[in-house]
2 protein chains.
Amino acid sequence: MGYQPNFFARTLSTPAQKQRSNLVAILVSDFSNPFQSYLFEVLSNTLQQHAKQPMLVNVKHEQDLDQAIMRLSGYQVDGVVAVAGSLAVEGFEQCLRLSLPLVTLGRADERGIISSVQTDNYQAGRLAAEHLLSLGLSKLGFVAGRNDGSASNERLLGFQHLITERLGEQALVLYANSYGYSAGFELAVRAIEAIRNLEGLFCASDALAMGVMDSCRNVSGIRVPEQLRIVGCDDVPQAAWQGYQLTTIAQPVGEIADTVMLKLNQIWQNQELAPTLTRLSPKLKVRRT
Amino acid sequence: MGYQPNFFARTLSTPAQKQRSNLVAILVSDFSNPFQSYLFEVLSNTLQQHAKQPMLVNVKHEQDLDQAIMRLSGYQVDGVVAVAGSLAVEGFEQCLRLSLPLVTLGRADERGIISSVQTDNYQAGRLAAEHLLSLGLSKLGFVAGRNDGSASNERLLGFQHLITERLGEQALVLYANSYGYSAGFELAVRAIEAIRNLEGLFCASDALAMGVMDSCRNVSGIRVPEQLRIVGCDDVPQAAWQGYQLTTIAQPVGEIADTVMLKLNQIWQNQELAPTLTRLSPKLKVRRT
DNA sequence: TTGAAAGCGCTACCAC
DNA sequence: GTGGTAGCGCTTTCAA
């Protein structure tokens with residue numbers, strides 16, 4: 001009959017372990033990154049489907065992180081999911097101190113203190129190489145993203161390993177130092193001579209790949225995919241746009257979100273639980289063959 | 001010294017009007033719409049800058065709306081901002097019944113019961129027409145978005161009015177029935193013969209415009225902008241990508257967010273306040289001249 | 001089965 | 001000033 005209990009009062013009264021606020025914070029550092037923004041969307045959807053209310057916390061500067069986490073604990077959130085694209089994992093230790101359940105995405109914790117869900121980036125690199133090699137291409141390159149995280153480096157590693165195994169030589173590496181569209185576009189302008197000699201190019205993100213593609217087509221007149229095959233990484237919704245039809249290594253976003261939910265539920269049910277790192281397999285998504 | 005008060009307990013104790021939860025809900029219906037997703041991002045940023053915690057509520061189906069609003073009131077949110085792209089304004093009356101401060105975006109309330117911030121869509125249409133006419137073009141068309149909201153229709157109205165005033169004739173209207181990229185792409189494939197005869201095309205959203213553009217360039221071989229000028233509407237971040245360089249009618253997103261903040265603050269300070277409708281002026285953003 | 005009371009964390013108020 | 005107390009809305013527990 002239209003009555004709505006006060007959730008605040010409820011959490012207040014109930015023995016902390018049994019009833020909860022059902023608030024889960026999603027920490028995002030860089031919304032302009034299409035993949036992070038996509039991940040946020042999927043994640044918040046999954047949370048809602050499990051009757052959790054997502055709270056968004058946008059942390060632009062690393063130094064705001066501690067304060068943001070404090071505020072979250074003030075809101076009695078049941079857990080924190082960190083889409084830690086450009087934030088160092090160490091910054092999240094505050095959560096542990098406050099014993100806030102925490103799962104990070106995007107950057108693994110080397111020390112095994114923090115639970116984390118990752119895409120297997122090494123395998124992603126191998127998949128990309130596998131695909132390009134299977135097309136009979138041999139002059140290959142890689143466009144690296146940010147250098148301060150492990151994602152781009154691991155993708156490169158997997159890519160190079162398979163290429164060295166099969167061809168006995170290394171791929172050319174170009175450094176964009178960012179995962180963004182513009183970085184890809186500008187890199188392709190700058191490094192056009194190197195790119196002209198390539199047959200296949202694996203980019204550390206879809207946005208990079210789209211930037212490179214646009215630059216090749218509209219600035220340098222390189223025909224994609226006829227003269228140059230480009231493979232992206234992430235599989236953001238835009239990669240499917242008919243203008244791009246980007247072949248890409250898809251991160252299993254749905255699976256990532258489900259795993260996050262699973263881990264949170266485990267922590268909630270089980271109080272004490274060793275932090276775990278889960279690596280999920282990426283999948284090759286071939287478009288425009 | 002690391003102590004964090006429990007916000008819940010605080011709201012509980014304090015005379016409702018003075019201290020608040022500082023939680024503001026953002027209701028979004030369609031995250032796949034790039035403009036809504038962009039608006040959400042800007043909005044949540046503005047809220048955070050005013051020390052408000054954004055809560056995301058994703059309402060896919062109209063029938064879930066009432067329940068979602070009930071839950072929000074259970075969380076004692078201080079206000080609700082509805083990005084009401086595909087939801088009818090009437091659905092939000094529940095907020096009024098619970099006397100939850102409410103501001104809607106994207107769809108105005110005809111009856112003046114609900115506060116709302118809008119871009120002046122009629123003016124947007126006029127601006128687009130003005131621009132195309134100033135380039136000396138006379139064979140003009142419009143790609144309509146969803147028909148159930150007023151946005152697309154008002155843009156069409158402004159567009160047609162100015163064209164009729166200046167040329168004494170009407171622009172061709174094509175119906176995509178959606179604001180999405182794919183709808184634009186497919187429409188341009190379907191209606192290619194009509195489009196071939198045009199010199200300028202105003203699309204009801206940037207995503208539509210990009211879809212049309214890609215279809216023209218990659219399927220039909222129409223050169224954009226040499227043979228056909230395309231003008232979008234919204235100014236999403238992607239419109240600036242070098243591959244598109246889309247001339248567009250920019251919604252004043254920053255101003256919209258600030259106005260929302262202003263209205264919420266007014267309501268909070270002033271208890272009773274007549275609902276107001278604010279129309280903000282769009283701006284022409286010329287790219288690739 | 002139903003009802004009354006205590007207590008969750010905090011703030012407001014009113015004595016002192 | 002400064003402490004002590006009541007009460008916010010709810011759940012849990014214990015008594016009738």
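This is a short talk on a predicted model with chains A and B, covering the pairing of the copies, one helix, some salt bridges and one isoleucine.

Hi everyone, thanks for coming. Please keep in mind throughout that we are looking at a predicted model.

Let's begin with how the two chains relate. If you turn chain A by 180 degrees, with a shift of 0.0 Å along the axis, it can be laid on chain B with an RMSD of 0.0 Å. The two copies are therefore related as by a two-fold rotation axis. Which C-alpha of chain A lies nearest that axis? That would be the one of Met55(A), at 2.2 Å from the axis. Both copies also use the same surface, since 100% of the contact residues of chain A recur in chain B.

Now please find helix α6 of chain A, residues 151-167. How far apart should the ends of a helix with 17 residues be? At 1.5 Å a residue, the expected span is 24 Å, because the rise is counted over one less than the number of residues. The end C-alpha atoms of α6(A) are 24 Å apart, so the model agrees with that expectation.

Which residues of this helix are buried? Starting from the beginning of α6(A), we have Ala151(A), Ser152(A), Arg155(A) and Leu156(A), and then Gly158(A), Phe159(A), Gln160(A), Leu162(A) and Ile163(A). Do notice that Arg155(A) and Gln160(A) are on that list. And what covers them? Among the elements over the buried residues of α6(A) are helix α5 (121-134) and the strands β6 (140-144), β7 (172-175), β8 (200-203) and β9 (229-234), again in chain A. Just after the helix comes Gly168(A), with a positive phi near 75 degrees.

Helix α5 brings us to the salt bridges. Over all chains, the count comes to 23. One of them joins the side chains of Arg126(A) and Glu165(A), at 3.2 Å from N to O. This pair links distant parts of the chain: Arg126(A) sits in α5 and Glu165(A) in α6, 39 residues apart. Are these two partners buried or exposed? Arg126(A) has a relative accessible area of 25%, so it counts as partly exposed. Glu165(A) is at 54%, which means it is exposed, the cut-off being over 50%.

Let's hop over to chain B for two further pairs. Asp109(B) and Arg111(B) meet through their side chains at 2.9 Å, N to O. Asp109(B) is buried because its relative accessibility is 7%, and buried means under 20%. Its partner Arg111(B), at 38%, is partly exposed.

In the other pair, Arg146(B) forms a salt bridge with Asp148(B), and their closest N and O atoms are 2.8 Å apart. Both partners are partly exposed here: Arg146(B) has a relative accessible area of 26%, and Asp148(B) is at 46%. Back in chain A, salt bridges with shared partners join Glu93(A), Arg97(A), Asp109(A) and Arg111(A) into one network.

One last stop, at Ile192(A). You will find this residue in helix α8 of chain A, residues 192-196. With a relative accessible area of 14%, Ile192(A) is buried, because that is under 20%. What does Ile192(A) touch, leaving aside neighbours within four places in sequence? Its contacts are Ser220(A) and Ile222(A). Ser220(A) is 28 residues away from Ile192(A) in sequence, yet their C-alpha atoms are 7.4 Å apart in space.

That's my tour, and I'm happy to take questions.

Technical notes. Residues numbered from 1 in each chain as written. Chains lettered and ligands numbered in written order. Predicted model: local features only at pLDDT ≥ 70, side-chain atom pairs only at ≥ 80, totals over all residues. Heavy atoms only, no water. Helix = DSSP H or I, 4+ residues; strand = E, 2+ residues; numbered from the N terminus. Buried < 20%, exposed > 50% of the residue type's maximum accessible area, 1.4 Å probe, protein only. Contact = heavy atoms within 4.5 Å. Least-squares fit on C-alpha atoms with pLDDT ≥ 70 in both. Salt bridge = Lys/Arg side-chain N within 4 Å of Asp/Glu carboxyl O.
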